[in-house]
Amino acid sequence: MIISLVFVYLLSHAQTYPFQKTELTEDERIRNLISLMTLDEKINCLSTRFAIPRLGVKGTRTVEGLHGLAYSGPANWAVKGAKASPTTTFPQAIGLAEMWDPDMIQQVADLEATESRYLAQNIKFGVSGLIVFAPNADLGRDIRWGRTEECYGEDAFLTGTLVTAFVKGLQGNDPVYWKTASLMKHFLANSNENNRAYNSSDFDERLFREYYSYGFYKGVKDGGSQAFMTAYNKYNGIPCVVNPVLRSVVMKEWGLRGIIATDGGAFKLLITTQAYYSSLPVAAAECIKAGITMFLDDYRPSLKEALDKGLITEKEIEDAIYGNLRVLLKLGLLDNSPQNPYSKIGIIDTIAPWTKQLTRDLVRKATEKSIVLLKNENMLLPLQKERIKSIAVIGPTAYSVISDWYSGTPPYKISILQGIKSAVGDNVIIRYAAGNKADSAVIAAKECDVAIVCIGNHPLSYGLGWGQNHVASDGREDVDRQAITIEQEDLVKLVFAVNPKTVLIMVSSFPYAINWSNEHVPAILHVSQSSQEMGNAMADVIFGKVSPAGRLVQTWITSIDQLPPILDYNIRNGRTYMYIKNEPLFPFGFGLTYTSFRYSGLKVNRNAITNNETVNLTFDLQNIGNYDSDEVTQLYVSFPDSKVERPGIALKGFKRVYVNKGGTVKVTIPIKASDLTFWDPDKQKFVLEEGRIKYFIGSSSNDFKLNGEIMVNK
């Protein structure tokens, strides 16, 4: 019956226009469609919900998707009047990055794209968007940034690799059609929240090319994304929404011919906050001239006035919507071709993806992989269930899984307390205390064999209004953190005083200066917020079903005065692991496992490299401990002979590898010549510099097991 309905639908939408004919070129189809459109239809196609019903073009909408599809959730993303629906919720983006696993990132994004198609095409829903606002390619260069939870960390190479994987997952592997369209956020250098629309992110051209734009560049060139959102802030004094680099670099050099969107309200901020233009009609015209193709606020009256005054031409509007219509074409929305492998999702398979066991398993596995073991003195972890009679589970983040602003509504939530209870069954007594009111936490800890204390931030600031937080160390969109210590650490001190077998679980979107805990508490774990499987995954790690192997993607420091001013965007002034001046609490790339690994047998396939070449570094990784485990092997380089300022060390390769206890795996990590270049402002290109390259292989940015050097020749 369903197949018959599909057939009737296809017949009723017979191909009557050239733009529907797949045998024509992309350009021929898009230009034909534009030629058939009225001026009002063209203007409407600059919006986030563009369709052309008169010509049978259904169009699509946009939807958030940083760590699962935000179809509903705290920000009420669901379309008004649409049928409510849960969607699968993974760890926050910063947690997904801590997996250091591009293949798993791609699987996560692929599942998200499946749910997007399902909600857009299933008869029960049919309103979701296929343009997904994800991933966030901004860099977390300052741990006070309120939107740290949305990014992949402080390193450009890692971010570029993970952005590429997420884009590929969203868009699929079909050579013609996209599963969904990846629209990256927020170009450019948007990593402070307070007064973001007033402030300018200022830095030189080398940092633009090598650092701040790198994730976007990789998303376009390697991932295939043809869309991104501009940032609220200025870049070198010019608002990002109208910055010349949109055309001169992104469109002309990178070849992006798709969507360039404003952020919500950014168009009007050009007048109300930035006072950059004299009027809204002028601003609307200048946005389009700069490269904007999609507005996230009401632009129509201003744009029509700009047309009437001759500030913009219909031809310029046509050039702008070309990219938007190209995205529709790639999604298969300009035709009903049976060759589109994604068009039947939700029609043939009517079982909701978020209800499937395979989906639950994927979330659990991704969450397990994201957990970072920061300390494990005397192998307190994993806990041996058969040797424990009672566990105290304590703290404000033990009993809840909190969705952030860009989350959907998960189909279920498993808290850490629930996960532990499920793992131990009736054989172990569990005592729970949210805090220490009436000494409840101290009493519970004193009476139990082991105490597990869960503390962290609240990603919604406990429901406060926009731009507010209860405590200085909390942050989110529009709120930067004013502290990096956490007052809940006092609870840890009280528990540890009565029970030395204390495990601290940091459930957080940010690094914290937990100096006292690191000095005293024997075991510390980190997990990011929001995963629907948080409790089950954490229990798997706590009780040794899985060896943790996540790695940090930001440097955890010991004191806030070690950070440069938050508006200093020159990372060379002591920012990130590449230029850090102080000993960190936990370094970039750091994370422990339940076993030990031996690195040996390093071999290099060549001792010199030149343009377009690759050197392969191969070594043996042996698991010499008592647990099967992943290990995240990391490759860093330095440039001792460089005539320009380069990082002290820089990540240039990594691989997450599974090794059985007692086993050995041969690992190969390539060094590409293109990853050793620097941007030469005089030559206006990336340049490979002659001289020595030192390389270091190990388990973090300050724990190297193997090293050597190669020569760069011209």
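**Note on the predicted model**

1. Buried residues make up 61% of the 714 residues in the protein. The coordinates come from a predicted model, and burial here means a relative accessible area under 20%.

2. Confidence is given by an average pLDDT of 96, with 98% of the residues scoring at least 70. The exception to note is residues 1-13, over which pLDDT stays under 50. For that stretch the model has seven contacts beyond four places in sequence. Where pLDDT is low, the predicted coordinates should not be read in detail.

3. On overall make-up, the protein has 20 helices and 24 strands. Its radius of gyration is 26 Å, and the globule rule gives 27 Å for 714 residues; the two values are close, so the protein is as compact as a globular protein of that length. The C-alpha trace spans about 75 × 65 × 50 Å along its principal axes.

4. Of the contacts in the protein with a separation of 6 or more, 76% are between residues 24 or more positions apart. The exposed surface of the protein is about 26,600 Å², and carbon and sulfur atoms supply 50% of that area.

5. One open sheet has six strands, in the order β9-β14-β13-β12-β10-β11, with mixed pairing. Its edge strands are β9 (372-376) and β11 (429-433), each of which pairs on one side only. From one strand to the next the twist averages 15 degrees.

6. Within this sheet, strands β12 (residues 450-456) and β13 (residues 502-507) run parallel and are joined by six bridges. Opposite I455 stands M506 in β13. Helix α19 (residues 534-542) lies across β12, β13 and β14 (523-527), and runs at about 150 degrees to β14.

7. Towards the end of the chain, strand β23 (residues 691-700) deserves a look. Eight of its ten residues are buried, so β23 is largely enclosed by the rest of the structure.

8. What are the pairings of β23 with β18 and β24? Strand β18 (residues 629-638) runs antiparallel to β23 and is joined to it by five bridges; V637 has Y695 in β23 as its bridge partner. Strand β24 (residues 703-712) is also antiparallel to β23, with nine bridges between them. Here I697 is bridged to L706 in β24. β23 and β24 form a hairpin, and two residues lie between them.

9. For anyone reading side chains off these strands: in a regular strand the side chains alternate between the two faces of the sheet.

Note on methods. Residues are numbered from 1 along each chain as its sequence is written. This is a predicted model: local features need pLDDT of at least 70, side-chain atom pairs count only at pLDDT 80 or more; totals for chains, interfaces and linings use all residues. Side-chain values use heavy atoms; hydrogens and water are left out. Two strands pair if DSSP finds at least two bridges between them. Helices (H or I, at least four residues) and strands (E, at least two) are DSSP runs, numbered from the N terminus. Axes are lines fitted to C-alpha atoms, for helices over the stretch in contact, and angles run from 0 to 180 degrees between N-to-C directions. Contact means heavy atoms within 4.5 Å. pLDDT is the predictor's confidence in each residue, from 0 to 100. The radius of gyration is taken over C-alpha atoms; the globule rule is 2.2 Å times the number of residues to the power 0.38. Buried means under 20% relative accessible area, exposed over 50%, partly exposed in between (1.4 Å probe, protein chains only). Accessible areas come from the Shrake-Rupley method with a 1.4 Å probe; for residues, only the protein chains shown count as cover.
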